[in-house]
Amino acid sequence: MDTPSKLYKLIILYMLNRVDFPLTNSQISEFILDEGYTTYFKLQQAIAELIESGFVREEATHNRTFYHITEEGAETVYYFKNDISRAIQNDINAFLQKKKYELKNEVSVKSDYYRNSNMEYSVRCQVIEQRMPLIDLTVTAPTEAEAETIANNWTKKNQEVYAMIMSQLL
């Protein structure tokens, strides 16, 4: 394994190991590309190789992909942590500290849709808090366009919907 590729992979693993929630491709890219560590295409290759090797688990929806570190990935970071310079570790830690609430909030709201057995679309809308669903709502839409609209609106209006449901139930 060449050294730059190894470093990119270790940076990704280190980032995933420092948070208690998954990160999206755009969140990982934001740090690595903004810091100028590598190009977009080399980053995507590193992510693909981490998934292929079992160090990272991918969770894909229609509009986003979430990355989770696996046990093997965590062990790899532990053994090779010293191969990441202290300066890079500090940059990662500062980025995660500065953006932790924003990053966590972005990945805690999930929505996806799929075609069900009635030939309609089921839209699953979730808010995850500490790896447990705060709300897990599935609604049916007659068309894919409507399912996509519901999924997209969940991202924007989940707090309002949750508050309304709780006010009605309590």
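**Exercise 1.** In this predicted model, work out which parts of the chain the salt bridge between Asp136 and Arg124 links.

*Solution.* Start with the contact itself: the side chains of Asp136 and Arg124 meet in a salt bridge, 2.5 Å from N to O. Next, place the partners: Asp136 sits in strand E6 (residues 132-141) and Arg124 in strand E5 (residues 121-129), 12 residues apart. Last, check the exposure. Asp136 has 37% relative accessibility, so it counts as partly exposed. Arg124, at 38%, is partly exposed too.

**Exercise 2.** Take the salt bridge of Lys9 with Glu49 and decide whether Lys9 is buried or exposed.

*Solution.* The N to O distance for Lys9 and Glu49 is 2.5 Å. Lys9 belongs to helix H1 and Glu49 to helix H3 (residues 40-52), so the pair ties together parts 40 residues apart in sequence. Now for the exposure: buried means under 20% relative accessible area. Lys9 comes in at 14%, so it counts as buried. Glu49, with 27%, is partly exposed.

**Exercise 3.** Figure out how helix H2 and helix H5 are oriented to each other.

*Solution.* Grab the geometry: the axes of H2 (residues 25-34) and H5 (residues 86-108) come within 11 Å and cross at roughly 155 degrees. Angles over 145 degrees count as roughly antiparallel, so that's the label for H2 and H5. The crossing is right-handed. Then look at who touches whom: H2 brings Ser26, Gln27, Glu30 and Phe31, while H5 brings residues including Ile92, Phe95 and Leu103. Sorted by type, the contact residues split into 5 nonpolar, 2 polar and 4 charged.

Methods:
Residues are numbered from 1 along each chain as its sequence is written. This is a predicted model: local features need pLDDT of at least 70, side-chain atom pairs count only at pLDDT 80 or more; totals for chains, interfaces and linings use all residues. Side-chain values use heavy atoms; hydrogens and water are left out. Axes are lines fitted to C-alpha atoms, for helices over the stretch in contact, and angles run from 0 to 180 degrees between N-to-C directions. Helices (H or I, at least four residues) and strands (E, at least two) are DSSP runs, numbered from the N terminus. Angles under 35 degrees count as roughly parallel, over 145 as roughly antiparallel, 65 to 115 as roughly perpendicular and the rest as oblique. A crossing is left-handed if the near helix is turned anticlockwise from the far one by less than a right angle, and right-handed if clockwise. Contact means heavy atoms within 4.5 Å. Ala, Val, Leu, Ile, Met, Phe, Trp, Tyr, Cys and Pro count as nonpolar, Asp, Glu, Lys and Arg as charged, and the others, Gly among them, as polar. A salt bridge is a side-chain nitrogen of Lys or Arg within 4 Å of a carboxyl oxygen of Asp or Glu. Buried means under 20% relative accessible area, exposed over 50%, partly exposed in between (1.4 Å probe, protein chains only).
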